[in-house]
Amino acid sequence: MINRLSLDYKQLPLIATIALFVLMFSFGSLRYTGFFSTQVFLNLFIDNAFLIVVAVGMTFVILSGGIDLSVGSVIALTSMVAASLTMEAQLSPMIVVPISLLVGTVLGILQGSLIHFYNLQPFIVTLAGMFLARGLSYVISVETISIDHPFFSYMASTRIPIPGDNFISISVVIAVIIVIAAIFLGHFTKFGRTVYAIGGSEQSAMLMGLPVGRTKILIYTLSGFCASLAGLIFTFYMLSGYGLHANGMELDTIAAVVIGGTLLTGGAGYVAGSVVGVLILGIIQTIIVFEGTLSSWWTKIAIGVLLFLFIALQRIIVVRSEKRQGKK
Amino acid sequence: MTVASAETGGLGPLFEAIALALVVSALVGGWNGLLVSRFGVQPIVATLILMVAGRGVAQLITGGQITTVYYDPYNFIGGGYLLALPFSIFIVAFVLLIAVLLTRTTALGLFIESVGSNPDASRLAGINSKNIMLMVYLFSGFCAGIGGLILSSNVMSADGNNAGLWFELDAILAVVIGGTSLMGGRFYLFGTIIGALIIQSLTTTIYSIGVPAEINLVVKAVVVLIVCLLQSPEFRRKVFGAGKLKKSTGQKESEGVSLS
């Protein structure tokens, strides 16, 4: 049913998203002085580099028809591991970074294995993972651990100049590399095609002889790895580890992916769309900052409302296309 | 979250506040139900919207501060005593009684189970599965409202940041431990009560051994995974062997039905 849908159906949410982004950016530019500049645009990337990375991982999960609720907690756990290893164990970043990256990856493998081998629902497994990771970061320390290390300061404060008096951070470079790698992975490899196939119909994918099990575990591993990498970027950004970091980031991530045009039921969507989704979340935040009088809670509410609107849009599209197919 | 801002005096404001809070929570639950039943959104995502945005609204109402309630009768809901027993026990008993009556003496329970095991088949059998789903979410929201009342009355304040934070896993855990299938299609209300008691014992134990309270999260996550694994047919087949499985589940199911 959902597999053989016309192009316009697949692309409509993405087009709507890009239009919304342009609209919001021009709204901001007209309303606030100093909004319309390349640096404001680049800041969206700088402030949301970690969200871009998580959203990329989440895109694959949602494309396959699953969900990963553990990403926010994995960010917190990674920041905590990185902070405590650097500050309390006094290890060099050469060791800290790989270990931190392993945290989410291992958790992802575990979650993927539970989901595949024991046929558990993704939501309950990743919900448990979410609490496990959050709890483990509290086990490390209940207090905030601030990081004071040359490597982390370097990663945090280095500005890479680009033409026109603007700059980006190292995190943005990492995020861009991840996005390009993910686009390649999603659209030009066997793994990517299998992910789309599983999202379309797991049964069919299995009958076609695709490696469903292996791919499913890999998807959650990838999502865990992305969450860990995002956790590191987040640590560079905050220069501290804290168990409450990235609280509620799951919704932001899922919202970014959905707003970016990926179908929640799986099988259709683009990695690049999720990046635009993140940018929209970023621009909401920027507008709220520029407005000055709105409290930060409005961000949560705005994201919730936007997520609802896009889910509604998706439903309308799916229902319409099903009707059209019925006529054929 | 209710804030009874009235002066001490009559009980009028108390009932107004309770009614308002319960109506709001039922509406919120109904909204979730609407998303799930009419829009066909996956439940996990539909409720995730309010899990975050709802807290945002709560923070907006309280301004991110803890609002203290200066109104003594309000304390009675969560902290009062009736016949030497905490009043909240009576609330629990009352809600349980209503739920049991509704599900076990009317066909409603059967309908809910049937929608849970196969919504399409139930629809074809003449059950309005969409309305059943809507109603279930509405009731869940209503119950969450009652829980919120007890919680906030107990501490005489409304805290938009932390009240009920991470209760989701506790609630799911209680239900799952109680033997309700995560796949849907069978439920045991009394099992849920026992599950909730087990969780509270777990929490109290952890507090009293003296390990940091936050470790609770880890323990609960592990318990929920173990219980889920025990429910998974694949896991049971691997651990208990293939032949035994069918027999034991068959027996268990019949036992479960007769128990409730």
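# A viewer tour of chains A and B

Start by selecting A:S92, which sits in the loop between α3 and α4 of chain A. Keep in mind as you go that this is a predicted model. With a relative accessible area of 31%, A:S92 is partly exposed. Now add A:F151 to the selection and draw a C-alpha to C-alpha distance: the two residues lie 59 apart along the chain, and the separation in space is 8.9 Å.

**Next loop along: A:N119**

Move on to the loop that connects α4 (93–117) with α5 (122–140) in chain A, and pick A:N119. Is A:N119 buried or partly exposed? Its relative accessibility is 43%, so A:N119 counts as partly exposed. Check the backbone here too: phi is positive, about 55°, although A:N119 is not a glycine.

**Into helix α3: A:G72**

Select A:G72 in helix α3 of chain A, residues 71–87. A:G72 has a relative accessible area of 0%, so it is buried. Which residues touch A:G72, once you ignore those up to four places away in sequence? Show A:R134, A:H245, A:A246, A:M249 and A:E250 as sticks and you have them. For a ruler across the chain, pick A:S274 as well: A:G72 and A:S274 are 202 residues apart in sequence, and their C-alpha atoms are 17 Å apart in space.

**Helix α12: A:G277**

Another glycine comes next, A:G277, in helix α12 (residues 271–291) of chain A. A:G277 is buried as well, because its relative accessible area is 0% and anything under 20% counts as buried. Leave out the neighbours within four places in sequence, and the contacts of A:G277 are A:T17, A:A256, A:I259 and A:G260. Then stretch a line to A:S146: the pair is 131 residues apart in sequence and 31 Å apart in space, C-alpha to C-alpha.

**Helix α8 and its cover**

Colour helix α8 of chain A, residues 190–200. Which residues of α8 are buried? Highlight A:F191, A:G192, A:T194, A:V195, A:Y196, A:I198 and A:G199. As you look down the helix, remember that an α-helix has 3.6 residues a turn, so residues three or four places apart point the same way. Now bring up the elements that cover these buried residues: among them are α2 (38–63), α7 (170–188), α9 (202–207) and α10 (212–238) of chain A. While α10 is on screen, click A:C226; with 3% relative accessibility, this cysteine counts as buried.

**Zoom out on chain A**

Switch to cartoon for the whole of chain A, and you can trace 13 helices and four strands. Its radius of gyration is 20 Å, close to the 20 Å that the globule rule gives for 328 residues, so chain A is as compact as a globular protein of that length. Along the principal axes, the C-alpha trace spans about 65 × 50 × 35 Å. Of the 328 residues in chain A, 58% count as buried. Look at contacts between residues at least 6 apart in sequence, and 78% of those in chain A join residues at least 24 apart.

Turn on the surface of chain A next. The accessible area comes to about 13,700 Å², with 68% of it belonging to carbon and sulfur atoms. If you colour by charge, chain A has 16 positive and 12 negative charges, and the mean positions of the two sets are 19 Å apart.

**Over to chain B**

Show chain B as a cartoon: here there are 12 helices and four strands. Of its 260 residues, 37% count as buried. Chain B exposes about 14,100 Å², and carbon and sulfur atoms supply 70% of that. Among its contacts between residues at least 6 apart in sequence, 65% join residues at least 24 apart.

For a close-up, select B:L96 in helix α4 (residues 87–105) of chain B. At 19% relative accessibility, B:L96 counts as buried, the cut-off being under 20%. Beyond residues up to four places away in sequence, B:L96 touches B:L189, B:F190 and B:I193. Pick B:F190 for the distance: B:L96 and B:F190 are 94 residues apart in sequence, with 8.5 Å between their C-alpha atoms.

**Last stop: cysteines**

Click B:C143, which has a relative accessible area of 26% and is therefore partly exposed. How many disulfides does the structure hold over all chains? Zero, so there are no such bonds to draw, a disulfide being a pair of cysteine sulfur atoms within 2.5 Å.

How values were computed. Residues are numbered from 1 along each chain as its sequence is written. Chains are lettered from A and ligands numbered from 1 in the order in which they are written. This is a predicted model: local features need pLDDT of at least 70, side-chain atom pairs count only at pLDDT 80 or more; totals for chains, interfaces and linings use all residues. Side-chain values use heavy atoms; hydrogens and water are left out. Buried means under 20% relative accessible area, exposed over 50%, partly exposed in between (1.4 Å probe, protein chains only). Helices (H or I, at least four residues) and strands (E, at least two) are DSSP runs, numbered from the N terminus. Contact means heavy atoms within 4.5 Å. Accessible areas come from the Shrake-Rupley method with a 1.4 Å probe; for residues, only the protein chains shown count as cover. The radius of gyration is taken over C-alpha atoms; the globule rule is 2.2 Å times the number of residues to the power 0.38. Lys and Arg count as positive and Asp and Glu as negative; His and the chain ends are not counted. The place of a charge is taken as NZ of Lys, CZ of Arg, CG of Asp or CD of Glu.
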